[in-house]
Amino acid sequence: VQLQASGGGLVQPGGSLRLSCAASARIFSIATMMVWYRQTPGKERELVARITAGGDTDYADSVQGRFVISRDNAKNTVNLQMNSLKPEDTAVYYCNADTFDRTRGVATRFWGQGTEVTVSS
């Protein structure tokens, strides 16, 4: 498995969850950016947060101040700490990796499977 997302579940409003996206060592080493998206039925996929290889981060306005994306280079993992969760955060969350193989000059996007987050009382 090249990208493995985990950590989803059921949480009450105001609660927290931590999602993890574990990448293969190869993908993690050539990833220029790793991104968390989310999608709910009938809605377009939404970019939630992203982090560059250098550690620069960017967030959707809807999660700014509540979610934190981070890299664990020792574990080839990108985490998404989600705090103060709201019912509208309910979605399937996906991670992807944008990579660039300099030896071949090839850019590739890899997707992980989704992990479901439900925020409900």
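This report walks through the strands, the disulfide, the core and a few loop residues of a predicted model.

## The four-stranded sheet

Let's start with a sheet that is easy to trace by eye. It is open, has four strands in the order β1-β3-β8-β7, and its pairing is antiparallel. The edge positions go to β1 and β7 (67-72); each has a single partner strand, so one side of each lacks a neighbour in the sheet. From one strand to the next, the twist averages 15 degrees. As general background, strands of a sheet pair through backbone hydrogen bonds, in either a parallel or an antiparallel sense.

If you would like to follow the pairing residue by residue, β3 is a good guide. Strand β1 (residues 3-6) is joined to β3 by four bridges, and the two run antiparallel. Along this pairing, L3 stands opposite A23, and S6 has S20 as its bridge partner. Strand β8 (residues 77-82) is also antiparallel to β3, with six bridges joining the two. Here C21 of β3 sits opposite V78 of β8.

## Strand β3 and its serine

Strand β3 covers residues 17-23, and five of its seven residues are buried, so the rest of the structure largely encloses it. One of the β3 residues worth a closer look is S20. Its side chain makes a polar contact of 2.8 Å with the side chain of N79.

What does S20 touch, once neighbours within four places in sequence are set aside? The list is Q4, A5, S6, W36, T77, V78 and N79.

## The disulfide

The model holds one disulfide. It joins C21 to C95, with an S to S distance of 2.1 Å. The two cysteines belong to distant parts of the chain: C21 is in strand β3 and C95 is in strand β9 (residues 91-101), 74 residues apart. A disulfide, for reference, is a covalent bond between two cysteine sulfur atoms.

Which hand does the disulfide of C21 and C95 have? The torsion about its S-S bond is about 65 degrees, so the disulfide is right-handed. Are these two cysteines buried or exposed? C21 has 0% relative accessibility and therefore counts as buried. C95 is buried too, with a relative accessible area of 1%.

## The nonpolar core

In soluble globular proteins, nonpolar side chains tend to be buried together. In this model, the largest nonpolar core has 31 residues. Those with the most contacts inside it are L3, M34, W36, L80, M82 and Y93.

L3 shows how many parts of the chain can meet at one residue. Leaving aside neighbours within four places in sequence, L3 is in contact with C21, A22, A23, I27, M34, C95, N96, A97, F110, W111, G112 and Q113. That list includes both C21 and C95, the two partners of the disulfide.

## Strand β11 and its partners

Strand β11 (residues 115-119) has two faces to compare. T115, V117 and V119 make up the covered face, while E116 and T118 form the uncovered one.

Two strands pair with β11, and they do so in opposite senses. Strand β2 (residues 9-11) pairs with β11 in the parallel sense over three bridges, and G9 has V117 as its bridge partner. Strand β9 pairs with β11 in the antiparallel sense, also over three bridges. In that pairing, Y93 is matched with T115. Y93 is also among the residues with the most contacts inside the largest nonpolar core.

## Loop residues to look at

Two residues stand out for their backbone angles. N76, in the loop between β7 and β8, has a positive phi near 55 degrees although this residue is not a glycine. S84, in the loop between β8 and β9, is likewise not a glycine and has a positive phi of about 50 degrees. With 42% relative accessibility, S84 counts as partly exposed.

Finally, have a look at R102, in the loop between β9 and β10 (106-111). R102 has a relative accessible area of 77% and is therefore exposed; the cut-off for that label is over 50%. The C-alpha atoms of R102 and I30 are 8.3 Å apart, although 72 residues separate the two along the chain.

Key: Residues numbered from 1 in each chain as written. Predicted model: local features only at pLDDT ≥ 70, side-chain atom pairs only at ≥ 80, totals over all residues. Heavy atoms only, no water. Buried < 20%, exposed > 50% of the residue type's maximum accessible area, 1.4 Å probe, protein only. Pairing = 2+ DSSP bridges. Disulfide = S-S within 2.5 Å. Polar contact = N/O pair within 3.5 Å; in protein donor to acceptor, adjacent residues only side chain to side chain. Contact = heavy atoms within 4.5 Å. Axes fitted to C-alpha atoms, helices over the stretch in contact; angles between N-to-C directions. Core = buried A, V, L, I, M, F, W, Y, C linked by side-chain atoms within 4.5 Å.
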